[in-house]
Amino acid sequence: MRDYKNIKNYVFGRGAVNDLQSILDGIRSKDQPTVIFLVDDFFKNKEAVKKLRIEKDDVLIFVSSKHEPKSEYIDSLTAEIKQKAEPEKIIAVIGMGGGTVMDIAKCVSIMLTNQGKAEDYQGWDLVKHPGIYKIGIPTVSGTGAESSRTGIFTSPKAKLGMNSNYSMFDQLIMDPDFLETVPKDQFFYTAMDCYIHNIELLHGLKTNLTAKSFAEQSLKLMREVFLNEMDFEKLMLASYLGGLGMATANAAGHICHPVSYGLGTVLGLRHGMAVTLAFNQLGEYYPEETKEFNLILKKYAIELPKKVTRNAPERQFDEMAEATLKNEKPLENAFGEDWKSVFTKEKVKEILKKI
Ligand code: ZN
């Protein structure tokens, strides 16, 4: 039986970020005064950074979230921190931003206390030592990275997370006021990621009662948000619960996320966009949900980009399909042990060509 971990502490509500100072006061000490702030470079020169009240021993690094995290980027940030601060003096690592920054902060915290390179820890339960105390301040909602057990990134080996109890945040500060700052498109596609995670989780053959309960409640909130009225608090909570659903699932992921991965790694599409475009072509597997999804698109007047794979050469379709089929755990969760005979490379390419 697995020993599940939850987020130990969290503050939730508008203005929650104002509690950061007292949280840090409670953990800083004379011997360990240093806090590392990894902040999405979207916030460069913005008022929000002032709310963090960075002190003299702290290190502030603006992190690029233009691309999804790569293993070399995590290694180079870790090296930069070791240059700017004495590792034994660091009391906490804070990640502030969207899912990409959440993932980077989780992984950097681990790499500060574990030997080697980030890619050595891609996979399940490979991390040996707890990372440095991690605080997440999500500013975009939907990926669930703030509460999931995975810090996902791409290495030359694969797009695969560090998946370990040590890669969960110790503390979250969830302040829905940040969602006001997110551009509309990014807002929509990231929220859609949450909606789709839950649907995938609920369809899985290996789902369990805990994960299912988190996913059901998260999906309920997402439906209220998408089909009734936008409510930032509900959206932020839905993302958090969705992440906990993934953290307690036996196998997170189903068909849609694997299909989306090649679109990300080969064509460079952002995660939320890739997942949404993949979902749009998976009506065969999610008939009721794709109908509802079309209502949501209409309501938000979202025009999905059409035929994004149109100009891809055959070689890239092969690469994308291979990226999909590497996800053995999710695909087995979707189709059962015999998944390879049902969900063939040809079938995957057929779907990809419609996207
Ligand atoms: Zn996702």
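In this predicted model, Thr 34, Ile 36, Leu 38 and Asp 40 project from one side of strand E2, while Val 35, Phe 37 and Val 39 project from the other, and all of them are buried. This pattern is a familiar one, for side chains in a regular strand alternate between the two faces of the sheet. Strand E2 spans residues 34-40, and 7 of its 7 residues are buried. The strand has parallel partners in E4 and in E3. With strand E4 (residues 90-97), E2 shares 6 bridges in the parallel sense, and one pairing to look for is that of Ile 36 with its bridge partner Val 93 in E4. With strand E3 (residues 59-63), E2 pairs over 5 bridges, again parallel; here Val 39 has Phe 62 of E3 as its bridge partner.

Asp 40 deserves a closer look. This residue belongs to strand E2 and is buried, yet it takes part in no salt bridge. The nearest side chain of opposite charge is that of Arg 270, at 7.3 Å. Since a salt bridge requires a side-chain nitrogen within 4 Å of a carboxyl oxygen, a separation of 7.3 Å to Arg 270 does not qualify. What surrounds Asp 40 instead can be read from its contacts: leaving aside residues up to four places away in sequence, Asp 40 touches Phe 62, Val 63, Ser 65, Met 96, Gly 97, Gly 98 and Val 101.

A further sheet is open and consists of 3 strands in the order E5-E8-E7, with mixed pairing. Its edges are formed by strand E5 (123-124) and strand E7 (150-154), each of which pairs on one side only. Strands of a sheet pair through backbone hydrogen bonds, either parallel or antiparallel. Between E5 and strand E8 (residues 159-163) the arrangement is parallel, with 2 bridges joining them. Trp 124 stands opposite Asn 163 of E8.

Past strand E5, the chain enters the loop that leads to strand E6 (134-138), and Leu 126 is found in this loop. Leu 126 has a relative accessible area of 37% and is therefore classed as partly exposed. Not counting residues up to four places away in sequence, Leu 126 touches Asp 120 and Tyr 121. The C-alpha atoms of Leu 126 and Gly 264 are separated by 25 Å, and these residues are 138 apart along the chain.

The zinc site draws on several parts of the chain. The protein donors of the zinc ion are Asp 193, which is listed twice through OD, and the NE2 atoms of His 197, His 257 and His 271, at 2.1 to 2.8 Å from the ion. Along the chain the donors follow the spacing D-x3-H-x59-H-x13-H. One pair among them links distant parts of the chain: His 197 lies in helix H5 (residues 184-203) and His 271 in helix H9 (residues 271-280), 74 residues apart. Both histidines are buried, His 197 with a relative accessible area of 10% and His 271 with one of 17%.

Turning to charged pairs, side chains of opposite charge can pair when their charged atoms come close. The count for the model comes to 26 salt bridges. One of these joins Glu 47 and Lys 50, with N and O 3.0 Å apart. Both residues lie in helix H2 (residues 47-50), 3 residues apart, which is about one turn of the helix. Glu 47 is exposed, its relative accessible area being 56%, and Lys 50 is likewise exposed at 60%. Another salt bridge is formed by Glu 86 and Lys 89, whose closest N and O atoms are 3.6 Å apart. Here Glu 86 is partly exposed at 44% relative accessibility, as is Lys 89 at 33%.

A salt bridge also links Glu 322 and Lys 345, with an N to O distance of 2.9 Å. Because Glu 322 lies in helix H11 (residues 314-325) and Lys 345 in helix H14 (residues 345-354), this pair ties together parts that are 23 residues apart in sequence. Glu 322 is partly exposed, with a relative accessible area of 41%, and Lys 345 is partly exposed, with 29%. The pair does not stand alone: salt bridges that share partners bring Glu 314, Asp 318, Glu 322, Lys 345, Lys 349 and Lys 353 into one network.

Technical notes
Residues numbered from 1 in each chain as written. Predicted model: local features only at pLDDT ≥ 70, side-chain atom pairs only at ≥ 80, totals over all residues. Heavy atoms only, no water. Pairing = 2+ DSSP bridges. Helix = DSSP H or I, 4+ residues; strand = E, 2+ residues; numbered from the N terminus. Donors = N, O, S within 2.8 Å, 3.2 Å for Na, K, Ca; no water. Buried < 20%, exposed > 50% of the residue type's maximum accessible area, 1.4 Å probe, protein only. Lys, Arg positive; Asp, Glu negative; His and termini not counted. Contact = heavy atoms within 4.5 Å.
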